[in-house]
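Good morning, and thank you for joining. I would like to take you through one model, beginning with a helix and working outwards to the whole chain.

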Amino acid sequence: MPKNKTHKGTAKRIRVTGSGKLVREHTNNQHKFEVKSSSRKRRVKGTEVLSPADAPRMKKLLGL
């Protein structure tokens, strides 16, 4: 059987923690910050644990 390839687009966006959870960056946090409010910028800062409904699909894409 051939090996499954890692989906590179997913691998660049999602990482696995030591405990096995999947975390992602918030959206709208790359550019054009001058038009976004301070509260919005604070809200999208940092990472977030992936929703449990999405996790199995993402694990398959990552080959986990």
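**Helix α3 and its surroundings**

The buried residues of α3 pack against three elements: α1 (8–13), β1 (14–16) and β2 (22–25). Please bear in mind throughout that this is a predicted model.

Which residues of α3 are buried? They are Ala55, Met58 and Leu62. Viewed down the axis of α3, these buried residues fall within an arc of 65 degrees, so they line one face of the helix. Pro56 and Lys60, on the other side of α3, are exposed. After the helix comes glycine 63, with a positive phi near 80 degrees.

Let me turn to the core. In soluble globular proteins, nonpolar side chains tend to be buried together. Here the largest nonpolar core has six residues: Ile14, Leu22, Leu50, Ala55, Met58 and Leu62. Helix α3, residues 55–62, supplies the largest share of this core, with three residues.

Leucine 50 is a useful place from which to look around. Apart from its neighbours within four places in sequence, leucine 50 is in contact with Ile14, Leu22, Val23, Arg24, Ala55 and Met58. Among these partners, Ile14, Leu22, Ala55 and Met58 are themselves members of the core.

What does threonine 10 touch, not counting residues up to four places away in sequence? Its partners are Met58, Leu61 and Leu62. Threonine 10 lies in helix α1. With a relative accessible area of 8%, threonine 10 falls under the 20% limit and is therefore buried.

**Charged pairs**

Next, the salt bridges. Side chains of opposite charge can pair when their charged atoms come close. How many salt bridges does the model contain? The count comes to two.

One of them joins arginine 24 and glutamate 48, whose closest N and O atoms are 2.6 Å apart. This pair links distant parts of the chain, since arginine 24 belongs to strand β2 and glutamate 48 to strand β3 (residues 47–49), 24 residues apart. Is arginine 24 buried or exposed? At 27% relative accessibility it lies between the limits of 20% and 50%, so arginine 24 counts as partly exposed. Glutamate 48, with a relative accessible area of 32%, is partly exposed as well. Arginine 24 also appears among the contacts of leucine 50.

The salt bridge between arginine 57 and aspartate 54 has an N to O distance of 3.3 Å. Aspartate 54 counts as partly exposed, at 28% relative accessibility.

**Loops and the segment before α1**

Three further positions deserve a brief comment. Serine 51 sits in the loop between β3 and α3, and at 31% relative accessibility serine 51 is partly exposed. Its C-alpha atom is separated by 15 Å from that of leucine 61, which is 10 residues apart from it along the chain.

Histidine 7 is found in the segment before α1 and is partly exposed, with a relative accessible area of 40%. How are histidine 7 and glycine 63 placed, in sequence and in space? They are 56 residues apart along the chain, and their C-alpha atoms are separated by 8.1 Å.

Lysine 45 is in the loop between α2 (38–43) and β3. At 58% relative accessibility, lysine 45 is over the 50% limit and so counts as exposed. Leaving aside neighbours within four places in sequence, lysine 45 is in contact with His26 and Asn29. The C-alpha atoms of lysine 45 and isoleucine 14, 31 residues apart along the chain, are separated by 15 Å.

**The chain as a whole**

Finally, let us step back. The protein has three helices and three strands, running α-β-β-α-β-α from the N terminus on. How does its radius of gyration stand against that of a compact globule of 64 residues? The globule would have a value near 11 Å, but the protein has 15 Å. Along the principal axes, the C-alpha atoms fill a box of roughly 50 × 20 × 20 Å.

Of the 64 residues, 16% count as buried. The accessible surface comes to about 5600 Å², and 52% of that belongs to carbon and sulfur atoms. Among contacts between residues at least 6 apart in sequence, 48% join residues at least 24 apart.

To close, I return to helix α3: its buried residues are Ala55, Met58 and Leu62, and they pack against α1, β1 and β2. Thank you for your attention.

Conventions:
Residues numbered from 1 in each chain as written. Predicted model: local features only at pLDDT ≥ 70, side-chain atom pairs only at ≥ 80, totals over all residues. Heavy atoms only, no water. Core = buried A, V, L, I, M, F, W, Y, C linked by side-chain atoms within 4.5 Å. Buried < 20%, exposed > 50% of the residue type's maximum accessible area, 1.4 Å probe, protein only. Helix = DSSP H or I, 4+ residues; strand = E, 2+ residues; numbered from the N terminus. Contact = heavy atoms within 4.5 Å. Arc of directions from axis to C-beta. Salt bridge = Lys/Arg side-chain N within 4 Å of Asp/Glu carboxyl O. Rg over C-alpha atoms; globule rule 2.2 N^0.38 Å. Areas by Shrake-Rupley, 256 points an atom, 1.4 Å probe, with all protein chains shown as cover.
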